[in-house]
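Please open the model in a viewer and keep the sequence at hand. The stops below go from one selection to the next.

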Amino acid sequence: MALADLLDAATRGVYPAPDGRLEVVPSPPGLADAVVAFTAHTVVAADVDPDAVAAQLPAGSLSAPLQPPFLTWLAGQLGSEAGNVDILLVAARGGASEVELVEVGDADHPRLRRARRYRSEVRIAEPAGGGGLVVVGRGLAGRHEVSIEVEPGRRGDGLGRSLAQAAPALVPEGEPLFAQVAPGNAASLRAFLAAGYRPLGAEVLFLKDQPIG
C-alpha cells in the first residue's frame, strides 16, 4: 500500500495493525522520503532494499527505526540527511473558527522560505487583526500540511489555537490537513491539541536531492 493510502486511512481512524512490523513502501511523490511510525508499526517510504533495512534493525525493537543509528544509515542510502523527529497530527473535520484568515501575497518570512523546501503550492495567510501567520502547502505524499507562527507579543493569549483551528479553511473542503510538531515545542503542541488536532504517530523526513541543513 502506498504511503498516501496509509495516511488517508489513518485520518479516518483506520491504522496499520499494531503488529510490531516495519514495512517498506515506494518513495512517495513530492519533495521528501520519510519514516512514519504508527503505534507498533513503522513505515519506511523510500526506494530502498527491504532486506537491507531489516538488517539494520534489532529484532523486536519498536523504537529503533526512529533512533539515530538507523536514521543515519537511511540518510546515507538516500544521499540526504534526517530531519527532526516530529509528532504527526491531523485536523478535526469541520468546526467553527474564532478568527478570519486573510491570504497575503508573496511575503518574505523565514517560516515561508523554510516551507518551500518541504512543500509545493505554498500559501500564506494571517488573521485580520494581525499577530501571526498560517502557512499551508502540499507536503509528504501530496498531503496538505500546515504550520503556524505567533508573534512574541501575542503568545499565551490563545491565538495559536485559533490559527490552527482556522487553518482547514485554506484547503479544499473534506480534505485532511496535517501538522508536524517537534516534541519539545510544547506550546505549539498544546495549541494544535486544543484546536482539535489528533495525533497519528511520529515521522522523520528526508529531503530528496538536497540535504537538510
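Start by selecting Phe 192, which is buried with a relative accessible area of 2%; buried stands for under 20% relative accessible area, exposed for over 50% and partly exposed for the range in between, with a 1.4 Å probe and protein chains only. The model is predicted, so local features need pLDDT of at least 70 and side-chain atom pairs count only at pLDDT 80 or more, while totals for chains, interfaces and linings use all residues. Residues are numbered from 1 along each chain as its sequence is written, and side-chain values use heavy atoms, with hydrogens and water left out.

Add Tyr 197 to the selection. Tyr 197 is buried too, at a relative accessible area of 4%. Aromatic pairs are rings of Phe, Tyr and Trp (its six-membered ring) with centres within 6.5 Å; planes under 30 degrees apart count as stacked, over 60 as edge-to-face and the rest as tilted. The model has 2 aromatic pairs by this rule. In one of them, the ring centres of Phe 192 and Tyr 197 are 4.9 Å apart and the planes stand at 80°, which makes the pair edge-to-face.

Next, select Arg 119, Arg 143, Glu 145 and Glu 203. What links these four residues? They are joined in a network of salt bridges, a salt bridge being a side-chain nitrogen of Lys or Arg within 4 Å of a carboxyl oxygen of Asp or Glu. The count for the model is 9 salt bridges.

Go through the network from Arg 119. Its salt bridge to Glu 145 has the closest N and O atoms 2.8 Å apart. Arg 119 is in the loop between α4 (110–118) and β6 (120–127) and Glu 145 is in strand β8 (residues 144–150), so the pair ties together parts 26 residues apart in sequence. Helices (H or I, at least four residues) and strands (E, at least two) are DSSP runs numbered from the N terminus. Arg 119 and Glu 145 are both buried.

Glu 145 also meets Arg 143 in a salt bridge, at 2.7 Å from N to O. From Arg 143, move to Glu 203, where the N to O distance of the salt bridge is 2.5 Å. Arg 143 sits in the loop between β7 (132–138) and β8, and Glu 203 in strand β10 (residues 198–207), so this pair ties together parts 60 residues apart in sequence. The relative accessible area is 6% for Arg 143 and 1% for Glu 203.

Finally, select Leu 205, which is also found in strand β10. Leu 205 is buried, with a relative accessible area of 12%.
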